[in-house]
Amino acid sequence: MIRFRPAIAACLLGASALAAAQADFAVQWPLTLEEPSASAYRITLTPEIYAQLWSPSLRDVIVVDGDGRPVPAAFVDASMAPATPTRRELPWFPLPADTGRRDGDIAAISEIAADGSLRRVQMRASGGDAAGAFLVDASAIEGPVDALALRWDDAQPPFEQAYRIEMSDDLRQWRSVHDEARVLDLRRDAQRLIERRIALPTPIHARYLRLTPLRAAAAPLRLQAVEAELAPVQAPVAWHWQVPAPQPAGERGAIVYRSDGRFPVERIEIALAGNGTGRWTLERRDADDAPWRVVAADHVVYQAGSGPDLRRSPPLALPAPVRDRQWRLTPTTAAPGAPPALRLGYRPETLVFVAEGRAPYALQAGSARAARTDAPVAPLLDALRAQHGPGWRPANAAPGAMAPLAGAAALQAPVPTRDWKTWTLWGVLLLGVLVVGGFALSLLRGRKDV
């Protein structure tokens, strides 16, 4: 039995450490992993999680592994990946290599459909003219084009070529886009250097593009496809709305609304109970003993109509997210009727953690005692994105049913303890000073007696 005592002691110490850690947080949620073998996961905060947070900076939310140890975690941008550009393959037609120098009017040799798309381009090359230039039909593209990508036959001999790129809406008048766009496919032994993408100086929007080689090539480019890389379109913001209940009107008709959590409020809508208009002052604060701060003074609020014909004053856009829990509306003039509804718009935030330790993982939140230390998660995510491609994102981790830990006790700030060690050291130092002073006084008296 004696040989097992160290192991038993280690288990007891680990259990006591886990209990102490759990006592620092009010609640926790078990996490269901979308991909059990992933390296990193993202958690989108839910209203239930926001309602349990105590810290205005969201420091009281952590992720722990199966042994109760915190794992590296940090808040990152919700998208977790840059917008991936869209590519669309475009119709293209061969042209004589000297088209750009000889005759800019391609409309005369082209058959154009009613929608502007090209049906046919007739080659009018004389003698030994080779098809070295290309006409690209971009009439079906609605958004601006950021870049072009050329794809050629794998049997293409090694080459390096520079093209002049021009654009037109009528195949007659051409405007320069890029004076010298280079593509290449070079080989040496088993090594290959290839560049197919042509980045345009600025995004363009034109029906037709023309690529003309700047010099004669030993062999024409065996082009197979041309792709347009479209500028990424910003996805519309999916706003979430929290509607706190109004308190009874107080002095000067002021109405107080109490938020249910630490939501990152960026938009505020004030919706009247019916048709009407008025001026209101909106203020915010975080606690009962904090001063009110003005968000908007003398703000005009109106509403008219119903259903699809409803017209309402636009929401207020805050310069930065605000997490205050109390909001107050005060009418500039008397406002009869039911109080307006205050709608707080926010975008749920994303906490990303590294799959360190062993599963199962859990999210713990709500503490006035513990604080998360943000780990350098961003460099790891950049490395994983470079490995898996620009569209990679951490796997999802979904919170399950909330379970209590220390409850409301975790939200009580710890009572400051006296630093007895420091006080003892100061006491010893003071005692030493008194002793030295006593010796000095006794020496002075001895000299006077002599």
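Is Phe353 buried or exposed, and what is its relative accessibility? At 0% relative accessibility, Phe353 counts as buried, a term used for residues under 20% relative accessible area, whereas exposed stands for over 50% and partly exposed for what lies in between (1.4 Å probe, protein chains only).

The model is predicted, so that local features need pLDDT of at least 70 and side-chain atom pairs count only at pLDDT 80 or more, while totals for chains, interfaces and linings use all residues. Residues are numbered from 1 along each chain as its sequence is written, and side-chain values use heavy atoms, with hydrogens and water left out.

Rings of Phe, Tyr and Trp (its six-membered ring) pair if their centres lie within 6.5 Å, and the planes make a pair stacked when under 30 degrees apart, edge-to-face when over 60 and tilted in the remaining cases. By this rule there are eight aromatic pairs, among them the two in the table.

| Pair | Kind | Centre to centre | Between the planes |
|---|---|---|---|
| Trp152 and Phe159 | edge-to-face | 5.1 Å | 80° |
| Phe353 and Tyr361 | tilted | 5.4 Å | 50° |

In the edge-to-face pair, Trp152 is buried at 1% relative accessibility, and Phe159 is buried with a relative accessible area of 12%. Tyr361, the partner of Phe353 in the tilted pair, is buried as well, with a relative accessible area of 5%, and Tyr41 joins Phe353 and Tyr361 in one aromatic cluster.

Trp152 also has a charge over its face, since Arg196 lies there at 4.6 Å from the ring centre, a position that requires NZ of Lys or CZ of Arg within 6 Å of the ring centre and within 35 degrees of the ring normal. Arg210 lies over the face of Trp174, at 4.3 Å from the ring centre.
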